[in-house]
Amino acid sequence: MTAALGAIGPRSAAAPKEHSSSSLIRIYLVEAKYELYKLLRLPAFVIPSLGFPMMFYALFGLLLPTKGAGVDIAKYLMATYGAFGVIGIALFSLGVGVASERGQGWLAVKRASPMPVSAYFFGKFAMALCFSGLLVVLLCLMGAIFGHVRMPASQWLMLGLVEMLGGIPFCAAGIAVAYLVGPNSAPAIVNAFYLPSAFLSGLFIPAEMLPSFLRGFAQFLPPYHLARLALTAIGIEPMSKLPIHIGALALFAVLFTTLAVIAFRRDEGKTYG
Amino acid sequence: MTSHPETVANLDHATKHYGKFVALRDVSLDVLRGEVLSLLGPNGAGKTTSVKLMLGLSSPTTGKATLFGGDPRKAANRRRVGAMLQVGKVPETLKVREHIDQFRGYYPSPLPVDDVLELGGLEGIEDKKFGELSGGQRQRVLFALALCGDPELLFLDEPTLGFDVEVRRAFWKQIRAYVSRGRTVLLTTHYLEEADALADRIVVIDKGSIVADGTPDEIKGRVSGRRVRCVTRIAENEIKAMPGVTGVVIEGDRMEIMTSVAEPLVRQLLARDASLSGLEVTSVGLEDAFLSLIDKEHAA
């Protein structure tokens, strides 16, 4: 009877703490480390997440004529391909990655261990941040060396910071997708959102070059606002619009996080893993 | 109280629905400290569901599941168990040693790496990536990961599913080596031979309900029987009325008779038909026994 009560009652005072803070930090770091190892060795992840944005930037930002619509294309696309890459890393590592590990039962194996599920998400998140940082640095090097982009140090730093942090709402969107759909449909759903919205948001070619009816549509897409924030950081987008973009991205962040939490909770106790 | 072995995991009138499908129907089960308990049943019997409930990976629709008398989802309880589950895909780019290091990282005082490698039989392949391993080796890695925390209670969910006999027997040796350390094991399998080889107690489960519970000998005893084959002119109906006969199957000109005891039946057969030939008496195989047990329970 006491056993039965223990299962449903509040945690008794005598019970050990779930995790001491030092062991929690250790678990978080272990997760992040091996998440990074795992994906660094996976060409199917590295090539699309780092290679594609760099290749597109080289083609459209560096090789084609660098003047258009009155903007420095090399500088402009350096920022927008950064946003493109960061979004892709978030959606694919968290969305497709979690959906697959959940669907294949690997997450259940980890959850049967004392690993807190927060550590699992932290590992994915930390890895996405590392890859995002790496991609932004690589794109900036390409821009500086081959595109002759020159900016004050503060703008380089701001660009890196905006793009890395700007990936967070998309990490939440990834988790929502992973818990709402099965492992087989996750890649299709992510791609169906990712590529069209990246195009419409002006990540491939400057939004100013898109027909006006498409530009109006872009306002409703989260990648658009991340790109505009990145362009604000490097002085292309006027500062006056900063509150709009921050507000819009924050709104999407809240929306995606809520969706992710609802989807995750719905899954708990049902399939769990 | 001390005479009762401690219950380390339990299901208390647990029922689990997946939509309209009832995976488990009012199942009560105690896993006692120190025993090797085998949950035996065909595919879809509710074995994996039982394990998932006791591990807190899934919640019962009604009833309760406990681990060490408490909530299976609590880290303090999960530190005391290890679980080898059925997995579709394991990250393939991590090396065996890295997988082990990662899982050891989840526990405050894990087993030393060398012990884990030895218990899993992974010496020599520790620096291979998971994707480079054979099926048997992969399964041993999953077994080793379950041992990283030096668990008091080990869950093995269909550990040898799809293996050939040799690999399976080699794996049994590994499991026995762990069991010899005095630990508790809950093993699910649909091979009676496996349950018989490893378990102290067998709980037979089918269609979400427990149909039998006993030592391997008791379980086998409940279904022990003989199969008598012969070529005879005696009519099927007449044979069915003979002592102990539980079933008759006609295979061409041969007759296959299932009986609880062979000797009185054979005596009668020979007395009734002097021209009877091709007489053969065999014991019923374990797998047949197991199947007949399940059929019997459902017919009852």
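**Close-up views of chain B in a predicted model**

**View 1. The two sides of helix α6(B).** On one side of α6(B), B:Glu166 and B:Lys173 are exposed, exposed meaning that 12 or fewer other C-beta atoms lie within 10 Å of a residue's own, buried that 20 or more do, with C-beta atoms placed from the backbone. The buried residues of this helix are B:Arg168, B:Phe171, B:Ile175, B:Tyr178 and B:Val179. Seen down the axis of α6(B), these buried residues fall within an arc of 95° (taken from the directions from the axis to the C-beta atoms), so they line one face of the helix. The model is predicted, with local features needing pLDDT of at least 70 and side-chain atom pairs pLDDT 80 or more, whereas totals for chains, interfaces and linings use all residues. Residues are numbered from 1 along each chain as its sequence is written, and chains are lettered from A and ligands numbered from 1 in the order in which they are written.

**View 2. The open sheet of chain B.** Six strands form an open sheet with mixed pairing in the order β5-β6-β7-β3-β8-β9, where strands (E, at least two residues) and helices (H or I, at least four) are DSSP runs numbered from the N terminus, and two strands pair if DSSP finds at least two bridges between them. The edge strands, β5 (81–84) and β9 (209–214), each pair on one side only.

**View 3. Strands β6(B) and β7(B).** These two strands run parallel and are joined by five bridges, and B:Leu154 stands opposite B:Val185 in β7(B).
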